[in-house]
Number of protein chains: 2
Amino acid sequence: MNIDKKKRLERSGWTAGGAADFLELTPEEASFIELKLALATGIREVRHRSGLTQTEVAARLGSSQSRVAKMEAGDRSVSLDLLVKSMLRIGASPTVIAKWIRRAETNRAV
Amino acid sequence: MNIDKKKRLERSGWTAGGAADFLELTPEEASFIELKLALATGIREVRHRSGLTQTEVAARLGSSQSRVAKMEAGDRSVSLDLLVKSMLRIGASPTVIAKWIRRAETNRAV
DNA sequence: AATCGCTATGTCCAGTATGACATATATCGA
DNA sequence: TCGATATATGTCATACTGGACATAGCGATT
């Protein structure tokens with residue numbers, strides 16, 4: 001796991017256990033978080049490709065800019081449901097979503 | 001959409017709008033439901049392959065038999081988070097999960 | 001340095017998800 | 001039929017989610 005991802009996890013409030021040692025994660029927990037982060041990245045990518053701002057995407061989703069920011073950050077308060085529903089709404093197909101999820105597996109840079 | 005799926009949706013409490021006419025779904029809503037049902041099927045498949053009962057899976061998940069039943073039924077009260085976390089816990093990789101999600105797209109039997 | 005456009009972060013509370021439990025239904029063997 | 005095992009359904013208390021709002025950071029332009 002690289003440094004950027006570590007920071008990203010910490011910022012997002014992912015401190016498994018209690019200590020700052022977020023490596024106290026079971027493999028499944030780790031996979032789940034990777035998966036969420038992969039989708040978060042996917043949302044940002046799709047948005048960038050469309051040349052939209054977070055505010056514009058929020059309008060299309062019937063949500064708020066802050067929530068979109070949290071989605072893209074993989075915030076603890078963002079569910080998979082929200083991420084997937086949002087991706088579908090901004091035009092991603094299930095296949096595209098699946099692609100991002102698969103990326104969660106190969107991304108494992110130890 | 002075939003008859004079985006229709007019944008399954010109705011049983012699961014998916015009556016978009018208010019009328020029994022659940023076809024009042026936007027394409028994204030439909031995709032999302034298909035996606036959930038695909039994962040629900042995936043969970044059941046993985047469980048069957050392992051020769052486990054719902055009760056046994058529940059124990060492994062730290063959940064209850066009733067919740068596992070609801071997961072496999074694609075119940076309204078079951079989130080994607082729960083479905084995905086559960087699949088990971090019973091041994092499915094992100095790639096396998098992605099496979100089931102892709103299936104949600106090709107399953108569209110009109 | 002002031003303003004502007006975009007993004008990030010923190011908080012609130014109404015609405016939702018979930019484990020637990022009770023109970024119902026289904027299938028099978030004795 | 002009875003009992004046993006597996007699955008389905010309904011409900012509740014509690015924990016979590018998500019839109020909304022406020023505000024802060026941050027680079028670019030003037």
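Student: What share of the atoms of DNA strand D within 4 Å of the protein belongs to sugar or phosphate?
Tutor: 47%, and the rest belong to bases. This is a predicted model: local features need pLDDT of at least 70, side-chain atom pairs count only at pLDDT 80 or more, and totals for chains, interfaces and linings use all residues. Side-chain values use heavy atoms, without hydrogens and water.

Student: What makes a residue count as near DNA strand D?
Tutor: One of its heavy atoms must lie within 4 Å of the strand. 18 residues surround DNA strand D, and A:S66, B:S66 and B:Q54 are among the closest. By class, three are nonpolar, nine polar and six charged. Here Asp, Glu, Lys and Arg count as charged; Ala, Val, Leu, Ile, Met, Phe, Trp, Tyr, Cys and Pro as nonpolar; the others, Gly among them, as polar.

Student: Why is the pair between A:S66 and a base nitrogen of DNA strand D called a polar contact?
Tutor: A polar contact is a pair of N or O atoms within 3.5 Å. The side chain of A:S66 has an N or O atom 2.5 Å from that base nitrogen, so the pair qualifies. For B:K70 the partner is a base oxygen, at 3.0 Å.

Student: How do you know that chains A and B have the relation of a two-fold axis?
Tutor: Chain A can be laid on chain B by a turn of 180 degrees and a shift of 0.0 Å along the axis, with an RMSD of 0.1 Å. The fit is by least squares on C-alpha atoms of residues with pLDDT of at least 70 in both. That is therefore the relation of a two-fold axis. In chain A, the C-alpha of A:A98 is nearest the axis, 2.2 Å from it.

Definitions and conventions:
Residues are numbered from 1 along each chain as its sequence is written. Chains are lettered from A and ligands numbered from 1 in the order in which they are written. A polar contact is a pair of N or O atoms within 3.5 Å; within protein, one must be able to donate a hydrogen and the other to accept it, and residues adjacent in sequence count only if both atoms are side-chain atoms.
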